[in-house]
Amino acid sequence: MTKQKKLQTVLNVPTTNLPRVVVIGGGFAGLHFIKRLDTSRYQIVLFDRNNFHTFIPLLYQVATAGLEAPNIVGPIRKALHGKKNFHFRMLAVHGIDPEAKTVATAGGSLGYDHLVIATGTQTNFFGNAEIAKHSFPLKTLTDARQLRNHLFQSLERLELTSDMEERQRLLTFLVVGGGPTGVEMAGALAELRNHVLKRDYPDSDISLMRIIIAEGSDKLLTAFSEASSEEARTALESMGVELIFSQFVEHYDGSVARFKDGREIPCATLIWGAGVEGIVVPGLAKAAVAKSQYQVDEYLKIGGYDDVYALGDVAQRTTEKWPQGHPGVAQVAIQMGEQLAKNINALAEGGTIKAFKYFDKGNMATIGRNRAVADMGNGQHFSGFPAWIAWVVVHLYYLIGFRNRTFTLFSWVGNYFTYSRAIRLVMEPTLEEKLTEVPVTDPKV
Ligand SMILES: Cc1cc2nc3c(=O)[nH]c(=O)nc-3n(C[C@H](O)[C@H](O)[C@H](O)COP(=O)(O)OP(=O)(O)OC[C@H]3O[C@@H](n4cnc5c(N)ncnc54)[C@H](O)[C@@H]3O)c2cc1C
């Protein structure tokens with residue numbers, strides 16, 4: 001009997017003679033770790049603040065009405081059906097006590113023998129409270145739904161005003177950050193404008209809709225090859241997306257975005273895709289964390305601890321090939337999860353553990369219908385329709401659950417042939433409240 005048995009109280013975790021592995025976070029890393037762990041040798045307790053896993057790469061499709069929210073999430077309990085000695089508790093972990101070997105939650109504290117931290121990232125506004133208050137990030141399902149609501153509500157508001165300045169403000173969408181999130185988002189907005197909105201809003205000149213990407217460096221998709229970066233640029237420009245390079249947005253009050261060089265762009269929507277930071281749970285030594293990521297060794301163990309590991313986006317593993325740490329992509333998280341599970345299984349069997357080695361399968365980003373760029377791990381690059389088909393296949397493959405894959409496939413096929421987006425709904429209308437705050441038409445007219 002290990003010491004955690006005495007501590008278990010309100011969390012109602014069954015008593016066991018097996019060593020207990022506590023996992024924080026049921027994202028890509030956490031789920032793949034648990035799937036591979038031999039639960040005849042370990043008890044697992046997973047904590048997540050949500051009872052579902054989010055397929056983050058498709059959030060932009062929910063935000064732009066391409067997919068319904070339930071299609072890109074999967075219930076955690078269902079994903080791990082049949083896993084014995086597995087217990088899920090829907091709670092956020094807000095502290096770790098490495099001396100007592102416990103984690104703290106609002107429901108009580110639980111002991112662990114091994115702790116696996118896989119908490120992922122949250123949006124980083126770099127301390128800019130104004131931007132945080134008024135912009136739309138894209139990191140959670142709630143973010144995606146709020147953005148969709150706002151997008152279609154802005155267009156409804158457009159129909160109510162004849163003030164040309166206000167109309168242009170409502171029709172301007174500024175995407176900050178030219179990484180995959182910004183590129184995919186801008187591409188999806190351009191498709192909406194070019195194929196869907198014209199028919200929906202005949203009283204407005206939708207061709208005036210501006211979609212702008214503002215990127216701090218001098219190119220798009222900095223983590224991709226030069227060829228992909230250039231092709232993304234050409235494709236977006238041909239779709240009517242405006243690109244601003246080497247500029248930083250430093251202020252946004254919900255109405256006007258101001259850049260570092262002083263230029264201003266009035267816009268009702270600013271989408272923040274400029275950065276994320278690791279979600280660090282308080283409790284470990286300061287030296288274990290650098291720039292909001294846990295520093296891990298080749299076995300994914302956090303420096304200074306024998307029994308605490310970090311995986312995925314919240315872990316930083318530097319090597320000669322990856323001096324800044326591995327990229328924050330789903331494949332790294334999945335492969336880390338699988339390798340750690342194999343190692344912890346090996347510990348129980350008296351086998352040997354292996355260092356984590358990332359097998360780079362490459363990068364992909366879609367820019368719109370029939371358009372994508374793909375860099376393979378072996379250095380090959382392709383683009384256009386073949387890359388787009390590869391993107392569709394890969395994303396369907398990694399979506400959790402047969403139901404989600406089927407519905408998503410049908411939605412994409414439907415959107416492809418009809419050029420339509422079925423889910424352009426305002427689910428939580430606030431338009432009338434907003435009109436009372438700032439009337440959009442002159443009451444005398
Ligand atoms: C908009 C966007 C688009 C992206 N597109 C791509 C793409 O196309 N391809 C790609 O490979 N990667 C993409 N990524 C990156 C990819 O999503 C991440 O690399 C991946 O999600 C990392 O997995 P993870 O398990 O580390 O974290 P996550 O998947 O973020 O999972 C973390 C989990 O931890 C839970 N959690 C957090 N804090 C706590 C706590 N204190 N207590 C309990 N639970 C907690 C969360 O609820 C969540 O379930 C994208 C990221 C973003 C933001």
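A search of the whole structure, which is a predicted model, identified 2 cavities of 30 Å³ or more. The second largest cavity encloses about 30 Å³ of space, and its lining is formed by Gln293, Gly312, Asp313, Ala315, His326, Pro327, Gly328, Val332 and Met336. When these lining residues are sorted by class, 4 are nonpolar, 4 are polar and 1 is charged.

Asp313, which is among the residues lining the second largest cavity, is also listed among the closest residues to the ligand, together with Ala29, Asp48, Val93 and Ala330. In total, 29 residues surround the ligand, and this shell divides into 15 nonpolar, 10 polar and 4 charged residues.

Polar contacts to oxygen atoms of the ligand were found for both side-chain and backbone atoms of the protein. A polar side-chain atom of Asp313 is placed 2.8 Å from an oxygen atom of the ligand, whereas the contact of Ala330 is made through a polar backbone atom, at 2.9 Å from a ligand oxygen. For Phe28, a backbone N or O atom lies at a distance of 3.0 Å from an oxygen atom of the ligand. On its own, the ligand has 1000 Å² of accessible area, of which 89% is covered by the protein.

With respect to secondary structure, at least two residues of the shell around the ligand are supplied by helix H2, spanning residues 28-36, and at least two by helix H10, spanning residues 330-349. At the level of domains, the shell includes at least three residues from domain 1, assigned to segments 4-49, 91-123 and 277-349, and at least three from domain 2, assigned to segments 129-274 and 362-435. The surroundings of the ligand in the predicted model are thus drawn from both domain 1 and domain 2, with helices H2 and H10 each contributing to the shell.

Notes:
Residues numbered from 1 in each chain as written. Predicted model: local features only at pLDDT ≥ 70, side-chain atom pairs only at ≥ 80, totals over all residues. Heavy atoms only, no water. 1 Å grid on protein atoms, 1.4 Å probe; cavity = no way out; pocket = protein on both sides within 12 Å on 5 of 7 lines; lining within 4 Å. Points joined across faces, edges and corners; volume = space filled by probe spheres on them. Nonpolar A, V, L, I, M, F, W, Y, C, P; charged D, E, K, R; others polar. Near = heavy atom within 4 Å. Polar contact = N/O pair within 3.5 Å; in protein donor to acceptor, adjacent residues only side chain to side chain. Areas by Shrake-Rupley, 256 points an atom, 1.4 Å probe, with all protein chains shown as cover. Helix = DSSP H or I, 4+ residues; strand = E, 2+ residues; numbered from the N terminus. Domains from an automatic or database assignment.
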